[in-house]
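The following report describes one chain of a structure and how its parts are arranged. Please read it alongside the sequence and coordinates shown here.

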Amino acid sequence: MSGTIVTITSGKGGVGKTTATANIGVALASEGARVVCIDADIGLRNLDVVMGLENRIVYDLVDVVEGRCKLRQAMIKDKRLSELYLIPAAQTRDKTAVSPQDMIRLTDDLRDEYDWILIDSPAGIERGFRNAIAPADIVVIVTNPEVSAVRDADRIIGLIEAEEKGPGQLILNRVKPEMVKRGDMLGTEDILDVLAINLLGVVPEDDGVVVSSNQGMPAALDPRSRAGKAFRDVARRLRGEEVPFEALESRDGFFGRIARLVRPGGDA
Amino acid sequence: MTISVSIKGTGEGLIVSVPAGEWGKIRQAVLQTIDDRAEFFRNARLALQVDEHELGAAELGGLRDELARRDIGLWAVLSSSPTTKSAAADLGLALQLEPTEASVEDLPLDTPIDGEEAVLVARTLRSGNVLRHPGHVVVIGDVNPGAEITAGGNVIVWGRLRGVVHAGAGGDEEAVVCALDLAPTQLRIAGHIAVSPERRKDPGPEIARIREGQLIADTWKDSRQR
């Protein structure tokens, strides 16, 4: 059975593409799938850091494309999951080192042996982005509930529709439910109103993600992490499962607030 | 004696009509006429009016090839001769000019405005999409922030208009902008420009136009009372 190539992109930088790629890769591999993650952000690589594999890089994507090594030599096996691999980007070159055709050739080579090939796209709409979406079967767009991120996501959706890779699936990342409730932050409905594409996942803002990145341990490995759970749900939906969206109430909730009122030192 | 070959341009392409006479000479005259005006004929669709000339399949096929060599597509042969008609049919050539649909210019219009042509876009315009048209523009879908419409005529959006819109871009102050939810980041009609006021809780269809030198927006209900 042929593998599926999923490109994770956004337009805007810093919304969580790399985090999403690492976590979705981990979640899929944890369920037994054979997964390859490819960092397409040539020159600004960080998927290796987030996955905790930066010390193991010998060859990178540009080495493969330029023929200095075989594809399999550049694939780094994950520390924890045996069926998860990373092909890192080069840090000393730039996006022009790779072409869309290179990406298509390279990923075609992987399709037979791997179930999922996840491509971490760079930010922007130029060559790096075009390289990343060229081989995609599915394009996942990550955005934050924030007007400039949504504006960029809309642009990206327009571009991928024009490339006939559309319509794309949306991950809404770094949602703060309390702010949404207060009306200070865009809610899921507001965003879908503009972007009008299928919602793949809603991931809450989670301080634990910062810790995870620093430690190179994606949150999806942590059963207690709320962001991790959201990414695991994304993986399940990608595999075709119907997973209901969690109501992102704050941990306090109704009972939490009552508890705080009666406890000594509480609000009452 | 010079053979006069007449050329007429129609909605179907070009029609070349030949007089009676010896076919060999006429064929030569036709090709000569075409070669004299090679640029004019290049990539043209050609119908050949041959009246009573009796032409077989070999002759018509050969002529079609000759014309193809000059980048001309022979698509019809008009003739009163059964021989010619039968040969043309065998070659897959049309035997008559198709009746044309009434072209827009033929229909009488009540309000002759420059650029009655309207372009219809039946999808949402996303950020970065730019739609420019000298006539009227109709969108069935939303116009997202970051999208732009520039029209010489009116702009009608059956959806939410949240991008930049410029109607009457050529200076037509009679142009209007209509939308089911009129909330553009910037609205211009001719030389006038305005930004949207605060979003109402309950957006309804509105029409924006210039009245007494001001850009104003009427709700659909109000505009009907005027």
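Chain B contains 5 helices and 15 strands, as seen in a model that is predicted. Of the 226 residues of chain B, 30% count as buried, and among the contacts in this chain between residues at least 6 apart in sequence, 33% join residues at least 24 apart.

Five of the elements can be followed as one sheet: 5 strands of chain B, in the order 6-8-10-12-13, form an open sheet whose pairing is mixed. Strand 6 (130-133) and strand 13 (192-194) of chain B each have a single partner strand and stand at the edges, so one side of each is left without a neighbour in the sheet. On average, and with direction ignored, neighbouring strands of this sheet are turned by 10° against each other.

Strands of a sheet pair through backbone hydrogen bonds, in either a parallel or an antiparallel manner. Both arrangements involve strand 12 of chain B: strand 10 (residues 164-167) runs parallel to strand 12 (residues 186-189) and is joined to it by 4 bridges, whereas strand 12 and strand 13 run antiparallel and are joined by 3 bridges. Some of the residue pairs are set out below.

| Residue | Opposite residue | Strand of the opposite residue |
|---|---|---|
| B:Val165 | B:Leu187 | strand 12 of chain B |
| B:Ala167 | B:Ile189 | strand 12 of chain B |
| B:Arg188 | B:Ile193 | strand 13 of chain B |

Strand 12 and strand 13 of chain B also form a hairpin, with 2 residues between them, and in its turn B:Ala190 has a positive phi of about 50°.

Helix 4 (residues 82-90) of chain B offers a view of how a helix is packed in this chain. Its buried residues are B:Thr84, B:Ala87 and B:Ala88. These residues cover an arc of only 100° around the axis, which puts them on the same side of helix 4 of chain B. An α-helix has 3.6 residues a turn, so residues three or four places apart point the same way. The buried residues of helix 4 pack against strand 3 (45-51), helix 3 (57-69) and strand 4 (73-79) of chain B, while the face of helix 4 turned away from its buried side carries the exposed residues B:Pro82 and B:Asp90. Just after helix 4 of chain B, B:Gly92 takes a positive phi of about 80°.

Chain B also touches another chain: 8 residues of chain B are in contact with 7 residues of chain A. By class, the side of chain B that touches chain A has 1 nonpolar, 6 polar and 1 charged residues.

Key
Residues numbered from 1 in each chain as written. Chains lettered and ligands numbered in written order. Predicted model: local features only at pLDDT ≥ 70, side-chain atom pairs only at ≥ 80, totals over all residues. Contact = placed C-beta atoms within 7 Å. Nonpolar A, V, L, I, M, F, W, Y, C, P; charged D, E, K, R; others polar. Pairing = 2+ DSSP bridges. Axes fitted to C-alpha atoms, helices over the stretch in contact; angles between N-to-C directions. Buried ≥ 20, exposed ≤ 12 C-beta atoms within 10 Å, placed from the backbone. Arc of directions from axis to C-beta.
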